[in-house]
Amino acid sequence: MCESSPYQKVQNSSTKIPKTGQEHLKNSMTLGKIEDKSDLRVRQTAATMVRAWYMNDTNEDQRLEHQLSPPKFLSLDDLFTTSGILYWKLDPKNYESKLEEIKKERGYNYMDVIQISPDKLHNYEEKIKIFFAEHLHADEEIRFVTEGSGYFDARDKADKWVRIEVTPGDLIILPAGIYHRFTLDSKNYIRVIRLFVGEPVWTPHTRPADNMEVRTKYVEQQKAGFVNHNSQMKTGLVN
Ligand SMILES: [Fe+2]
């Protein structure tokens with residue numbers, strides 16, 4: 001989902017950034033996702049649970065779930081410690097204030113909207129292939145789903161694919177340097193808000209991109225389980 005489609009620009013000078021991965025995780029819990037803020041291994045209700053699972057490697061349609069048999073799911077904690085991916089659940093019908101809170105906290109001052117479906121995206125088939133080619137970015141990939149659904153796939157510590165389902169209300173942040181890809185599911189439609197710090201750069205760097213500095217930094221953080229993960233590396237902002 002790297003297609004440029006400027007929609008709306010906003011000004012935001014806030015630079016209050018969480019320091020560590022655990023703080024990121026705690027903050028994600030306080031922003032409408034988790035009931036028990038005191039415990040990182042918290043309970044997730046069915047309504048707020050992220051659905052993420054390890055993928056099988058069949059050549060079936062990329063839009064299918066590709067679950068293992070039996071399925072192997074990841075918790076929010078597992079997803080974070082193996083990939084650094086952050087995830088929030090917002091009310092898809094009343095998200096403005098929470099989204100604004102996250103934007104201020106993380107310094108996101110650009111946003112636009114993109115719709116992906118056969119009839120709404122120019123060169124749809126070509127773009128879908130580009131989105132599904134494994135790549136990384138020099139910056140975070142931040143997406144908030146307002147309509148429809150789809151899958152983000154990302155590599156875990158052992159280089160295995162993890163599939164993350166996104167539906168209305170899901171806000172996902174893929175850290176800079178993570179190998180990932182995106183596909184629609186079998187419903188063939190998604191509408192997302194894209195966020196960014198500063199002027200957006202959507203450039204995908206197709207794997208292999210192991211020598212990029214952003215990749216090296218990402219791998220270091222991944223080996224450490226993102227315990228000391230510092231968003232300054234990702235956003236370029238300082239307190
Ligand atoms: Fe991407």
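A residue counts as buried here if 20 or more other C-beta atoms lie within 10 Å of its own. Keep that in mind as you open this predicted model: buried residues make up 35% of the 239 residues in the protein chain.

Start with the whole chain in cartoon view. You should find six helices and 13 strands. Of the contacts with a separation of 6 or more, 78% join residues 24 or more positions apart.

Now select His 135, His 137, Glu 141 and His 180. The unreviewed UniProt entry annotates these residues as "binding site". They are spread over 46 residues of sequence, yet they cluster in space, with a largest C-alpha distance of 11.4 Å.

Next, zoom in on Glu 141, in strand β7 (residues 141-148). Why does Glu 141 count as buried? Because it has 25 other C-beta atoms within 10 Å, and the cut-off is 20 or more.

Hop over to His 180, which lies in strand β11 (residues 180-184). His 180 is buried too, since it has 23 C-beta neighbours inside 10 Å. Leaving out residues up to four places away in sequence, show what His 180 touches: Phe 152, Asp 153, Ala 154 and Leu 174.

Two of those contacts, Phe 152 and Ala 154, lead to the next stop. The largest nonpolar core has 44 residues, and those touching the most other members are Leu 79, Ile 85, Tyr 87, Phe 152, Ala 154, Ile 164 and Ile 172.

Finish on Ile 85. Setting aside neighbours within four places in sequence, Ile 85 is in contact with Leu 79, Phe 80, Ala 154, Ile 172, Ile 173, Leu 174 and Pro 175.

Key
Residues numbered from 1 in each chain as written. Predicted model: local features only at pLDDT ≥ 70, side-chain atom pairs only at ≥ 80, totals over all residues. UniProt positions renumbered as here; feature names shortened; annotations may be inferred. Helix = DSSP H or I, 4+ residues; strand = E, 2+ residues; numbered from the N terminus. Buried ≥ 20, exposed ≤ 12 C-beta atoms within 10 Å, placed from the backbone. Contact = placed C-beta atoms within 7 Å. Core = buried A, V, L, I, M, F, W, Y, C linked by C-beta atoms within 7 Å.
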